[in-house]
Amino acid sequence: MPQITVRNLSKTYRVPERAPGLAAALRGLARRSYRDVEAVRDVTFAVESGEIVGFIGPNGAGKTTILKMLSGLLHPSSGEASVLGCVPWERRPAYLRRISMVLGNKSQLY
């Protein structure tokens with residue numbers, strides 16, 4: 001049985017958008033426009049007990065966003081995940097006692 005199961009996991013952020021200039025800034029106060037940015041789109045994988053895996057990819061590929069969703073720090077926009085039999089973003093105490101995650105680069109760990 002897989003220890004980590006991810007099916008069609010996606011995360012989309014809604015970010016404000018503004019044209020340059022003072023007039024656009026004033027218009028933005030009255031009516032904001034937004035655009036959607038896909039950080040992760042339809043990711044599916046499974047990790048069996050005893051497997052060692054690594055996420056590799058270019059900057060902006062969604063690696064950290066996936067890890068944050070699997071640790072429960074972010075809620076996905078769609079999809080489902082199970083880690084150690086728990087849904088990560090429910091952040092139940094039994095789950096939180098079993099995981100840990102360190103974010104940052106090597107120089108921040110010293």
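Which classes of residue make up the lining of the largest pocket: nonpolar, polar or charged? In this predicted model, that lining has 12 nonpolar and four polar residues, and no charged residues. The surroundings of this pocket are described below, beginning with the fold.

The protein has 110 residues. Its secondary structure comes to four helices and three strands. Read from the N terminus, the elements follow the order β-α-β-α-β-α-α. The radius of gyration is 18 Å, whereas a compact globule of 110 residues would have one near 13 Å. Along the principal axes, the C-alpha trace spans about 60 × 35 × 30 Å. Of the residues, 21% count as buried, that is, they have under 20% relative accessible area.

The three strands form an open sheet. Their order is β2-β1-β3, and the pairing is antiparallel. The edge strands are β2, residues 33–48, and β3, residues 78–83. Each of these two pairs on one side only. From one strand to the next, the twist averages 25 degrees. Strand β1 covers residues 2–17. Five bridges join β1 to β3 in the antiparallel sense. At I4, the bridge partner in β3 is V83.

I4 also appears at the largest pocket, where it is among the residues closest to the centre. The others named there are L67, L70, S100 and M101. The pocket has a volume of about 420 Å³, and 16 residues line it. Three elements, β1, β2 and α2, each give two or more residues to the lining. Helix α2 runs over residues 63–71. With three residues, α2 gives the most.

The second largest pocket has a volume of about 240 Å³. Its lining includes P16, E17, R18 and A19. A24, A25, R27, G28 and L29 also belong to it, as do R31, R32 and S33. Here the elements that give two or more residues are β1 and α1, the latter spanning residues 22–30. Helix α1 gives the most, with five residues.

By class, the lining of this second pocket has five nonpolar, two polar and five charged residues. Charged residues are thus present here, while the lining of the largest pocket has none. Strand β1 gives two or more residues to the largest pocket and also two or more to the second largest.

Definitions and conventions. Residues numbered from 1 in each chain as written. Predicted model: local features only at pLDDT ≥ 70, side-chain atom pairs only at ≥ 80, totals over all residues. Heavy atoms only, no water. Pairing = 2+ DSSP bridges. Axes fitted to C-alpha atoms, helices over the stretch in contact; angles between N-to-C directions. 1 Å grid on protein atoms, 1.4 Å probe; cavity = no way out; pocket = protein on both sides within 12 Å on 5 of 7 lines; lining within 4 Å. Points joined across faces, edges and corners; volume = space filled by probe spheres on them. Nonpolar A, V, L, I, M, F, W, Y, C, P; charged D, E, K, R; others polar. Rg over C-alpha atoms; globule rule 2.2 N^0.38 Å. Buried < 20%, exposed > 50% of the residue type's maximum accessible area, 1.4 Å probe, protein only.
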